[in-house]
Amino acid sequence: MLRILTASSLIALAAIPAMAQQSDPMAPPSPADATGTVEAQPVTEPAPAPEPAPAATPQTREQQVAQLVDAEFPAYDADKSGDLEEPEFTKWLLALHAAGGDAKSKAMDQTAKLKWAKDGFAAADTDKSKKISKAEMSKFLLG
């Protein structure tokens with residue numbers, strides 16, 4: 001009797017590695033189990049890492065000025081005529097002057113600033129229409 005128990009124990013121990021290689025006994029049979037052949041599974045490669053977004057191309061000075069004029073011109077065109085008359089131009093030019101913040105501009109008194117703006121208007125009004133268009137303002141700001 002002891003021999004029978006020992007023999008059956010040895011058979012059971014030998015079967016453990018084979019059982020470990022089998023899939024879950026409760027799972028449905030795979031196609032390989034049903035047909036006896038194993039189908040090759042497609043190998044999927046990991047998705048490539050996304051490329052970083054290209055750095056924004058720096059704008060040219062002309063593009064920056066055009067963007068500024070497009071954005072700010074309507075705010076200073078108080079009468080919505082599509083052109084800046086001298087008081088509208090002066091207001092914008094003095095605002096730009098104040099935003100510049102250099103020591104020389106801070107040292108100017110109001111009379112000097114108004115003369116400077118009047119001279120600027122004369123220089124910007126290339127067609128001598130007594131109005132400044134967007135194109136004239138862009139050209140003036142570009143120098």
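This is a short chat about Asp-77 and two loop lysines in a predicted model.

Student: Where does Asp-77 sit?

Tutor: Asp-77 is in the loop that links helix H3 (61–76) to helix H4 (86–100). Keep in mind that the model is predicted.

Student: Is Asp-77 buried or exposed, and what is the nearest side chain of opposite charge?

Tutor: Asp-77 is buried. The nearest side chain of opposite charge belongs to Lys-80, at 6.2 Å. Asp-77 has no salt bridge, because one would need a side-chain nitrogen of Lys or Arg within 4 Å of a carboxyl oxygen.

Student: OK, so which backbone nitrogen does the side chain of Asp-77 reach at 2.7 Å?

Tutor: That's the backbone nitrogen of Gly-82. The backbone nitrogen of Ser-81 also lies 3.2 Å from a polar atom of the Asp-77 side chain.

Student: And which residues does Asp-77 touch, leaving out those up to four places away in sequence?

Tutor: Gly-82, Asp-83, Leu-84 and Glu-88.

Student: Switching topic: what's up with phi of Lys-128?

Tutor: Phi is near 55 degrees there, a positive value, and Lys-128 isn't a glycine. You'll find Lys-128 in the loop between helix H6 (110–124) and helix H7 (134–142).

Student: Is Lys-128 buried or exposed?

Tutor: Lys-128 is exposed, and its relative accessible area is 57%.

Student: What about phi of Lys-130?

Tutor: Lys-130 has a positive phi too, about 65 degrees, and again the residue is not a glycine. Lys-130 lies in the loop between H6 and H7.

Student: How exposed is Lys-130?

Tutor: Lys-130 has a relative accessible area of 61%, so this residue counts as exposed.

How values were computed: Residues numbered from 1 in each chain as written. Predicted model: local features only at pLDDT ≥ 70, side-chain atom pairs only at ≥ 80, totals over all residues. Heavy atoms only, no water. Helix = DSSP H or I, 4+ residues; strand = E, 2+ residues; numbered from the N terminus. Buried < 20%, exposed > 50% of the residue type's maximum accessible area, 1.4 Å probe, protein only. Lys, Arg positive; Asp, Glu negative; His and termini not counted. Polar contact = N/O pair within 3.5 Å; in protein donor to acceptor, adjacent residues only side chain to side chain. Contact = heavy atoms within 4.5 Å.
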